[in-house]
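Colleague: Could you take me through part of this fold? I would like to ask about one helix and then about the sheet.

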Amino acid sequence: MVDQLVAIFERARSLGFLGPGPVEDHLEHSLSYLGAWGATKTGPTRFLDLGAGGGVPGLVLATRWPQSLAVLLDVSAKRCEFLHDAVATLGIADTVTVRQARAEVAARTEELEGIFALVTARSFGPPAVTAECAARFLAPSGQLLVAEPPVDRGAADRWPADGLAVLGLGPAAPTEGGRHLVRITRIASCPDRFPRRDGVPAKRPLF
């Protein structure tokens, strides 16, 4: 399975869906989400990968959590076509769905709203955009795990608690088991006005 994932990530990089660097580094970073979720825990019942793109971390998590139902969400038809092919190659189509849609729209659909114990994001967008687009997907007490740049600026600066609270989310905190990841937990319902219509979270960020 690892060899298959490496080959898939090589193709993703050639298509411009993954950044530079050895694909093994992308695989290793995906595995850090496992540690952040909890080494002693089974996978979540359902998880969603925002901006799934080249399959990091969504494809890796789906292969490690065979009992979890996964949704790989991306707005690009080309990236979704790639993800469909990757899911078929890995033989995980029974538990993994690829969904082409904007997050702002998908979060308000009956089949996706408020059902995910875990939402993951890597290079999806700035903190305010990621938080607003993720909040409505989360089930009560659900967790958002987001990749952070390896910089000195702390999570509290990039993810202000008062801004997250507007979305029904608790404070951001570094994870113990994940490299450069922050954990944000849903502590209240996401207000009806969020996420705002297509493109507004990026044009007028909440924080």
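The questions below concern a predicted model.

Colleague: Which residues of helix 4 are exposed on the face turned away from its buried side?

Modeller: Helix 4 covers residues 77–90, and C80, F82, L83, A86, V87 and L90 are buried there. Seen down the helix axis, these buried residues fall within an arc of 155 degrees, so they line one face. The face turned away from that buried side carries the exposed residues K78, E81 and A88.

Colleague: What do the buried residues of helix 4 pack against?

Modeller: Among the buried residues of helix 4 are F82 and L83. The buried residues of this helix pack against two helices and two strands: helix 1 (2–14), helix 3 (58–64), strand 2 (69–74) and strand 3 (96–100).

Colleague: Which strands stand at the edges of the sheet?

Modeller: Seven strands form an open sheet with mixed pairing, in the order 3-2-1-4-5-7-6. A strand at an edge has a single partner strand, so one side of it is left without a neighbour in the sheet. The edge strands are strand 3 and strand 6 (173–174).

Colleague: At about what angle does helix 6 run to strand 5?

Modeller: Strand 5 (residues 138–147) pairs with strand 4 (residues 116–121) in the parallel sense over five bridges, and A121 stands opposite V146 in strand 5. Helix 6 (residues 127–135) packs on the sheet, touching strand 1 (46–50), strand 4 and strand 5. The direction of helix 6 makes an angle with that of strand 5 of about 150 degrees.

Note on methods: Residues are numbered from 1 along each chain as its sequence is written. This is a predicted model: local features need pLDDT of at least 70, side-chain atom pairs count only at pLDDT 80 or more; totals for chains, interfaces and linings use all residues. Side-chain values use heavy atoms; hydrogens and water are left out. Helices (H or I, at least four residues) and strands (E, at least two) are DSSP runs, numbered from the N terminus. The expected span of a helix is 1.5 Å times one less than its number of residues. Buried means under 20% relative accessible area, exposed over 50%, partly exposed in between (1.4 Å probe, protein chains only). The arc is that of the directions from the helix axis to the C-beta atoms. Contact means heavy atoms within 4.5 Å. Two strands pair if DSSP finds at least two bridges between them. Axes are lines fitted to C-alpha atoms, for helices over the stretch in contact, and angles run from 0 to 180 degrees between N-to-C directions.
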